Amino acid sequence: MRVRKLLSNSLLYGIGDMLVLAVGGFLLLPMYTRTLSQAEFGGYVIVKANTEILQYLLYLGLISAVSRVYFDYKPKDEQREYLNSIVMFFLIVVGVATILLSLWGDALWHLLAPQTEVRPFIWFCLAIATANFFASIGTLWFRLDERVKTFVTVQVAASAVTALTAYVNLVLLKLGLEGLLLALISGYVPASVALFYRLGGKLRPLICREHMAESLHFGLPFVIGYIAYFVMNRFSMLTLQRYVTVDQVAVFGLAQQLSMLVSILASSLGKAIQPMVFNASPEEAPDILSNSSKIYILLLFIAASFVVIFAHEIILIAATEKYLGGYIALLILLVGSFVYSLGFVSNMALLYHRHPFPLAANWVFGAIISIGLGLLLVPRYHLIGGAVATSTACLAMTIISYVLAYRQNRQSYFSMLLFVVFGIGLLALVSAWVQGLDLALYQALVIKVFFAGLVFAGVYTSQFSKRFISIWEH
């Protein structure tokens, strides 16, 4: 088990992922919330949600397919030809999507976002989705080849371009929401350039039937799953637009953005594990999955604990006091994001054994729960109801994912999952309790630092930590 390599790669991937995801979704939020009106920021949240669902439909699960199928062609030295087929096929899909949106885009937009103008935002959604696909394939290629330093370099460049363009467009030129969307597109340029540069002279207007048949067979179940995931994660926000003003949508949208901090941390750990697992032999895979899962859960719990404890302060850093109305919703969403991220290791085990259909079915199940609870809770409890609906769906999906993976490989870490889920829920209650004492800022910080220290000390002396040290030493 290459634990040291896992941790070093996780750190480097974490730097790259957190720069891009955090710059686009967190670190620049103070600039967004202070240069855009609350209504404009609500519009940004809505446009971003519509972009996500468009991406799920356009991508046809190809990015997920590449992350697994790529290793079938690497030993044959056909990886460039394989990625060439993926890129050419996607260009055709974009052409078809452009025609369809020209004909029926207005009706679809009004269904999803009745309070936001169709144009130019529908075309911003298409441009962002297209640029993001090429950038994702470009960075994924470096990741699958375990070219960690090059990956980080590209991610740093992307973050710098996004930050600089956002500053120019929002602060200097005062272009508002459209300027922000242009900045997001510009951030995908470095990775997209890297993709086409690596393809180089081998880029051909040809599509290999074998490449696409295998990729679509593996990826299409993800389309259903991703749409279901979108519904699970965003249905509450879509419902909120019918019951609250755009200003309140902005508050809920900020809470959702900030809850991504846990997802970003999980992504950096998980993506370091993936190449090791998917490239492993059947004999090595169970050991790698078992040890890496325990490391992943422990490190994610430590990181998520600090985010939950200091959630109130994170809102004040990211925005103004006007957004503090989403504090409780943020705590609930953070717990849900953490629980959902725990399912990554179970999902990866299923993908290693090429079982994407149970994952898609699980996502559909989560979407059904989210819809049912959303319709029941959002009209009455608004932001809190939406957060509860989403987080409950996350919990149900993680439980089912664990059961499916256990039936496949018989590896159990249920006691560890119970420990961390109970712990993160308890920390959310403690954080809310401290904030409800109406203390001065420095007093609340002292108490929270004390609890953060207790978490670190408790984890360090726990049996799980001893297992981690044992794995590291061996």
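Is Gly 336 buried or exposed in this model? At 3% relative accessibility, Gly 336 counts as buried, because the cut-off for that class is under 20%. Keep in mind as you read on that this is a predicted model. The chain has 474 residues, and 58% of them are buried. Its secondary structure comes to 19 helices and 0 strands.

**The chain as a whole**
- Take the contacts between residues at least 6 apart in sequence: 83% of these join residues at least 24 apart.
- The accessible surface adds up to about 19700 Å², and carbon and sulfur atoms account for 69% of that area.

**Around Gly 336**
- Gly 336 sits in helix H14, which covers residues 327-342.
- Leaving out residues up to four places away in sequence, Gly 336 touches Ser 391 and Cys 394.
- Ala 393 is 57 residues from Gly 336 in sequence, yet their C-alpha atoms are 8.2 Å apart in space.

**Cavities**
- Rolling a probe the size of a water molecule over the atoms shows where empty space is left.
- Counting cavities of 30 Å³ or more gives 6.
- The second largest cavity holds about 70 Å³ of space.
- Its lining is made up of Tyr 340, Gly 343, Asn 347, Leu 359, Asn 362, Trp 363, Met 397, Thr 398 and Ser 401.
- Helix H16 (residues 356-409) supplies the largest share of this lining, with 6 residues.
- By character, the lining of the second largest cavity splits into 4 nonpolar and 5 polar residues, with no charged ones.

**Helix H6 and its two ends**
- Ahead of H6, in the loop that links helix H5 (79-112) to H6, you will find Pro 120.
- The peptide bond between Arg 119 and Pro 120 is cis, with omega at about 10°.
- Helix H6 spans residues 121-144, and at 1.5 Å a residue its 24 residues should cover 34 Å; the end C-alpha atoms are 34 Å apart, so the expected and modelled spans agree.
- Most of H6 is covered, with 22 of its 24 residues buried.
- After H6 comes Glu 146, which has a positive phi near 55°.

**His 211**
- Helix H10 (residues 209-240) contains His 211.
- The relative accessible area of His 211 is 4%, so this residue is buried, the cut-off being under 20%.
- Setting aside residues up to four places away in sequence, His 211 is in contact with Tyr 73, Glu 78, Glu 81, Tyr 82 and Ser 85.

**Positive phi at Lys 174 and His 382**
- Lys 174 is a residue other than glycine with a positive phi, near 55°.
- The loop between helix H7 (148-172) and helix H8 (176-186) is where Lys 174 is placed.
- Lys 174 has 66% relative accessibility and therefore counts as exposed, a class that starts over 50%.
- His 382, also a residue other than glycine, has a positive phi near 50°.
- His 382 is found within helix H16, the helix that gives the second largest cavity the largest share of its lining.
- With 29% relative accessibility, His 382 counts as partly exposed, because that value falls between the 20% and 50% cut-offs.

Methods: Residues are numbered from 1 along each chain as its sequence is written. This is a predicted model: local features need pLDDT of at least 70, side-chain atom pairs count only at pLDDT 80 or more; totals for chains, interfaces and linings use all residues. Side-chain values use heavy atoms; hydrogens and water are left out. On a 1 Å grid over the protein atoms alone, a cavity is a set of points where a 1.4 Å probe fits but cannot get out, and a pocket is an open set with protein on both sides within 12 Å along at least five of seven lines; lining residues have an atom within 4 Å of a point. Grid points are joined across faces, edges and corners, and a volume is the space filled by probe spheres set on the points. Helices (H or I, at least four residues) and strands (E, at least two) are DSSP runs, numbered from the N terminus. Ala, Val, Leu, Ile, Met, Phe, Trp, Tyr, Cys and Pro count as nonpolar, Asp, Glu, Lys and Arg as charged, and the others, Gly among them, as polar. Buried means under 20% relative accessible area, exposed over 50%, partly exposed in between (1.4 Å probe, protein chains only). Contact means heavy atoms within 4.5 Å. The expected span of a helix is 1.5 Å times one less than its number of residues. Accessible areas come from the Shrake-Rupley method with a 1.4 Å probe; for residues, only the protein chains shown count as cover.
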